[in-house]
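Okay, thanks for coming, everyone. I'd like to walk you through one protein today, starting from the overall picture and working down to single residues. Have a look at it while I talk.

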Amino acid sequence: QLQASGGGLVQAGGSLRLSCAASGTIFNLNAMGWYRQAPEKQRELVARITTTGITNYPDSKKGRFTISIDPSKNTVYLQLDSLKPEDTAVYYCFAIVRSAPTAPWGNVWGQGTKVTVSS
């Protein structure tokens, strides 16, 4: 399971750091990342990182958001800087894991942490 934290209310221009820790039966961890979903909008990818540190950001998310990972803790972080009201959303973390050497890779999702940016 994944436990996300770090969301909250912040003024425009401010920063937040989200964390997400994976626990349970994890034999291998391949990658972790974040999606977000704003009210009445589709869920969109924010950032993704492999356990070797390879990152992937959609073009619209480059520059203000920074993802990092601590594989020893099965934890992913998302630094949100220069926040804008349009960044208001529930941020969901995910992990690509498998529970055994021959088990298939699967996606695990966290419960979401809400980020509200006031103008």
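**A walk through the model**

Let me begin with a loop. Gly13 touches Ser82 and Leu83, leaving out residues up to four places away in sequence. Keep in mind that what you're seeing is a predicted model. Gly13 sits in the loop between strand 2, residues 8-11, and strand 3. Is it buried or exposed? With a relative accessible area of 52%, Gly13 is exposed. There's also a long-range neighbour here: the C-alpha atoms of Gly13 and Val117 are separated by 8.7 Å, although their positions lie 104 residues apart along the chain.

Now, Ser82, one of the residues that Gly13 touches, belongs to the loop between strand 8 and strand 9. Ser82 counts as partly exposed, at 40% relative accessibility. And look at its backbone: Ser82 has a positive phi of about 50°, even though it isn't a glycine. As a rule, most residues other than glycine have a negative phi. Glu40 is in that club too, with a positive phi of about 60° and again no glycine. You'll find Glu40 in the loop between strand 4 and strand 5, where it is exposed, with a relative accessible area of 85%.

Okay, let's zoom out. How many helices and strands are there? Zero helices and 11 strands, so reading from the N terminus you get β-β-β-β-β-β-β-β-β-β-β. The radius of gyration is 14 Å, close to the 14 Å that the globule rule gives for 119 residues, so the protein is as compact as a globular protein of that length. If you box up the C-alpha atoms along the principal axes, you need roughly 50 × 25 × 25 Å. Buried residues account for 39% of the 119. As for contacts, take those between residues at least 6 apart in sequence: 55% of them join residues at least 24 apart.

On to the inside. In soluble globular proteins, nonpolar side chains tend to be buried together. Here, the largest nonpolar core has 29 residues, and those with the most contacts inside it are Cys20, Met32, Trp34, Ile67, Leu78, Leu80 and Tyr91. Several elements give two or more residues to this core, including strand 1, strand 3, strand 4 and strand 11. Which strand gives the largest share? That's strand 9, with five residues.

Tyr91 is a good one to click on. Its contacts, setting aside residues up to four places away in sequence, include Leu18, Trp34, Phe65, Leu78, Leu80 and Val115. Thr113 is on that contact list as well, and I'll come back to it in a minute.

First, the cysteines. The structure holds one disulfide, and it joins Cys20 to Cys93, with the sulfurs 2.0 Å apart. Why does this bond tie together distant parts of the sequence? Because Cys20 lies in strand 3, residues 16-22, and Cys93 in strand 9, residues 89-98, the pair links parts that are 73 residues apart in sequence. Cys20 is buried, at a relative accessible area of 0%, and Cys93 is buried at 0% too. The torsion about the S-S bond is about 55°, so the disulfide is right-handed.

Strand 3 has a partner at the N-terminal end of the numbering: strand 1 pairs with it in the antiparallel sense, over four bridges. Within that pairing, Gln3 stands opposite Ala21. Strand 1, residues 2-5, has two faces: Leu2 and Ala4 are on the covered one, while Gln3 and Ser5 are on the uncovered one.

Back to Thr113, as promised. Thr113 is in strand 11, residues 113-118. Buried or exposed? At 9% relative accessibility, Thr113 counts as buried. What does its side chain reach? The backbone nitrogen of Gly7, at 3.0 Å. Beyond that, Thr113 touches a set of residues that includes Ala4, Ser5, Leu18, Trp34 and Tyr91, again skipping residues up to four places away in sequence.

So, if you only click on a few things afterwards, try the disulfide between Cys20 and Cys93, the side chain of Thr113 reaching Gly7, and the positive phi at Glu40. That's it from me.

Key
Residues are numbered from 1 along each chain as its sequence is written. This is a predicted model: local features need pLDDT of at least 70, side-chain atom pairs count only at pLDDT 80 or more; totals for chains, interfaces and linings use all residues. Side-chain values use heavy atoms; hydrogens and water are left out. A disulfide is a pair of cysteine sulfur atoms within 2.5 Å. Buried means under 20% relative accessible area, exposed over 50%, partly exposed in between (1.4 Å probe, protein chains only). Two strands pair if DSSP finds at least two bridges between them. A polar contact is a pair of N or O atoms within 3.5 Å; within protein, one must be able to donate a hydrogen and the other to accept it, and residues adjacent in sequence count only if both atoms are side-chain atoms. Contact means heavy atoms within 4.5 Å. A nonpolar core is a set of buried Ala, Val, Leu, Ile, Met, Phe, Trp, Tyr and Cys residues joined through side-chain atoms within 4.5 Å. The radius of gyration is taken over C-alpha atoms; the globule rule is 2.2 Å times the number of residues to the power 0.38.
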